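Okay, thanks for squeezing me in this morning. I'll put the structure up and walk through a few local spots.

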Amino acid sequence: MKSGAVGTSLPHESAIGHVQGAAPYIADMPQLPGELIVDFVGSTFAHCEILRVDTSGVAQVPGAIAYTCKDIEGINLFGPIIKDEVFLAETHAHYLGEPIVVVAAPTRELLQQAKKAVRLELKELPAVLSIDEAREKKLFIDKTIKMEQGDVESALAAAEHRVKGEFFTGGQEQFYLESQAAYAVPGEGRELVVHSSTQNTTEVQKVVAEVLGLKHSDVVCICKRMGGGFGGKETQAVMPALMAAIVAQKTRRPARCQFDKDTDMMVTGKRHPVKSFYEVGYNSEGRVSALKIDYFSDGGCTADLSTSIIARTLFHTDNCYNIPNLRATGTICRTNYPSNTAFRGFGGPQGVAAIENILEDIAARLKLDAYEVRRRNIYEGENCSTHYGQPVKNNVLPELFDQLYENSGYAERRKAIHLFNTSTARPPSALGEGMGVRLKGLAFTGVKFGISFTTKFLNQGNALVNVYTDGTAQVSTGGTEMGQGLYTKVQQIVADELGIRFEDVRVMATSSEKSNNTAPTAASAGTDLNGNAAAVACRKIRERLVEFAAKLLDCPTADIEIKNGEVFSFAPHRPDGHLPPNLGGGRGGGERRMTFAELTQKAWRERISMGEHGFYATPGIDFDYTTGKGSPFYYFTNGACVAEVSIDRFTGALTIDRLDVLMDIGQSINPGIDRGQLVGGIVQGIGWATAEELKYNDKGALLSHSPTTYKIPNIQDIPDDFRLDFFENKLHDFNIRSSKAVAEPPLMLGMAVFCAVKNALSYLSPGETVGMKLPATHEEILTHIESLMDRRNK
């Protein structure tokens, strides 16, 4: 029985507002007098020279205005790591739709007229639209990075089996429900308040200030909530913010900019497509002795976060598996697409997918059960370390794998599926003797996901907590709410740290005014950083209040307890043998109490501070990119999934029959919210692995730019038999309330479905590998069914 808020499945703090449609987003903010609506005119080519920009016609549209790069008062250059991105294109445009002119007008009708009045003269230039073409032309962003352990070449030469291959993982659209949006309101002098749908209020504040020629202190960025983010609003929320801000700055009028869904999908970055080339050595039991793998990601036209993303791909090349000789390199290709950016998993999924695909192929070649191959390669014990030198502490992977293997009935289901796929008693089909219409597959994959930003300085959080004289509290942190439940978890932490009721804590909108120099809400570290910072602030306040309460109740501080808004002591007597008075109308005897509100009233009258700033920096992490060695992660979140699928051999249609998931997330702060995050992450991973395919034409235009052409998973794609359980990890006794991050790790378990598809298709040509690309769409599956059947029939 939980005595406090932490550990309880309390509803999301905005749940009622979401259901009622009452939770406001940027588009719901009331229109202010004089407000302008903002949009842009962009390049019509993926790569071009800008010969002439004519905005004179905009003046003929009532109330309309237009701005180009010449109107920028600051520096038309920014970037979170490498400053190589412009706000408004100057001499060249490098992707289709790149903003060249910002246009604003009082109404949407007038705005469309103003956009049509802009005249651009552009000269189309050759565009690079694939990883292979960028590799051929040696068009790269930054330098190649490497991580290595052991003697890879010698181990490959000595391996019993040695295989080369390549693997492609496609991109993925974040598909947040609320498109990129910002609302800028000018204040006194040069002040500017920007309401932004962003995961990073500090980044928006900083970029807006620097591009518009302002001081950081002139700009306040506020984010109450987002309608989803998934990494797509970590850096790329700055574009609509800049568009709204330049109009507000120039006109001194409120300005609102929100992309429609088609525009958003066409001009914003996505998960990085990655092509990997590998060589792997292993023995007849499937034990991997060496792996050499080179990753090439499609970074788009500028760096954005690509350097950190490819690094995390390398960090997660091992996933759950101990490969004694491993060399991984990562190179970012420059192409003429919008700059690709963060997406849930931040490069980790591409690394996990590569090794899981390799292990599945090894099992197929050796005609072994892929689970056995994975289990033989898993990290065992406490004395192992990763290829980048981090010890795998508190390792529960073997126990987690074994528990899910037993609880899912894997062995029995494997036998049943083998019998189903090979039974000669089944009626013949057009595909061959003894082959029915359906084919079934089963796969078991895992995840070991490192938690922390791999850039050390980002691992910091701050919070402001204010306690009021009615016993309630407000908390502000640098963490942003995008539906993931961060605000709710912070509310629970603050309630328990102060000893008050959950409903007496209010989490305020994230603001750069209250929380300065913050890290983005990303890397699954939102609760770790901001929850810890809030707890630090609460403990300072509570310490002062406990000391004051001990004086009031005339007892040692150790005897004071504060719970559920009540302050009490069970100290039996004072040193002089007399009972002190019941200050709060307590029950008499040895128990004395008052309400928390009464305590705060008295503390205020005694001039005791009840406001605090808390700061937290993640301890014990560091990494040297020069040597490729260090411990970049505070801990690992682990999990495993068993996926069972059926495939229609005539259409390639995929059905997920059952999912069994076991996750190690420590002690959950909110089991209900965590369960939702886990299920959502897995389903999003399944979408990436099986359905969500980005289609472009030969001019670089995205064709799949709406819900009608881009297929995200729907309710029918989720199996009726979905079993999710939490692994009891008694070794994890640190971090805020002994919890672990949950947001990103489950996404990689979607690979279980991809591997289950490969397992099913392996029955069509035993002993051969199935060289599918990711995602395994129905078309991709059907193509490989036809190819495998052709080989079988030769």
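**A buried asparagine, two helix pairs and some backbone oddities**

Let's start with N670, whose side chain makes a polar contact of 3.1 Å with the side chain of Q492. Keep in mind that this is a predicted model. So where does N670 sit? You'll find it in the loop between β28 (654-664) and α16 (671-690). And is N670 buried or exposed? The relative accessible area comes out at 0%, and buried here means under 20%, so N670 counts as buried. As for what packs around it, leaving aside neighbours within four places in sequence, N670 is in contact with T8, S9 and L10, and also with T488, K489 and Q492. So Q492 turns up both in that contact list and as the polar partner.

Okay, helix pairs. Take α5, residues 201-211, and α6, residues 238-251: their axes come within 10 Å and cross at roughly 45°. That angle is over 35 degrees and under 65, so the two helices are oblique to each other. The crossing is right-handed. On the α5 side you've got E203, V204, V207, V208 and V211, and they meet V238, A241, L242 and A245 in α6. Sort the residues of that contact and you get 8 nonpolar, no polar and 1 charged.

Now the other pair, α10 (370-377) and α11 (397-407). Here the axes also come within 10 Å, but the crossing is at roughly 160°. Anything over 145 degrees counts as roughly antiparallel, so that's what we call α10 and α11. This crossing is left-handed. From α10 come Y371, R374 and R375, and from α11 come P398, F401, D402 and Y405. That contact divides into 4 nonpolar, no polar and 3 charged residues.

Last bit, the backbone. Two phenylalanines have a positive phi. F230, at about 55°, is in the loop between β11 (219-223) and α6, so it's in the loop leading to a helix we just talked about. With 28% relative accessibility, F230 is partly exposed. F346 has a phi near 50° and belongs to the loop between β15 (325-334) and α9 (348-366). At 14% relative accessibility, F346 counts as buried.

And which peptide bond is cis? That's the one from L774 to P775, with omega near 15°. P775 is in the loop between α17 (751-762) and α18 (778-793).

That's my tour, happy to go back to any of these.

Technical notes: Residues are numbered from 1 along each chain as its sequence is written. This is a predicted model: local features need pLDDT of at least 70, side-chain atom pairs count only at pLDDT 80 or more; totals for chains, interfaces and linings use all residues. Side-chain values use heavy atoms; hydrogens and water are left out. Axes are lines fitted to C-alpha atoms, for helices over the stretch in contact, and angles run from 0 to 180 degrees between N-to-C directions. Helices (H or I, at least four residues) and strands (E, at least two) are DSSP runs, numbered from the N terminus. Angles under 35 degrees count as roughly parallel, over 145 as roughly antiparallel, 65 to 115 as roughly perpendicular and the rest as oblique. A crossing is left-handed if the near helix is turned anticlockwise from the far one by less than a right angle, and right-handed if clockwise. Contact means heavy atoms within 4.5 Å. Ala, Val, Leu, Ile, Met, Phe, Trp, Tyr, Cys and Pro count as nonpolar, Asp, Glu, Lys and Arg as charged, and the others, Gly among them, as polar. Buried means under 20% relative accessible area, exposed over 50%, partly exposed in between (1.4 Å probe, protein chains only). A polar contact is a pair of N or O atoms within 3.5 Å; within protein, one must be able to donate a hydrogen and the other to accept it, and residues adjacent in sequence count only if both atoms are side-chain atoms.
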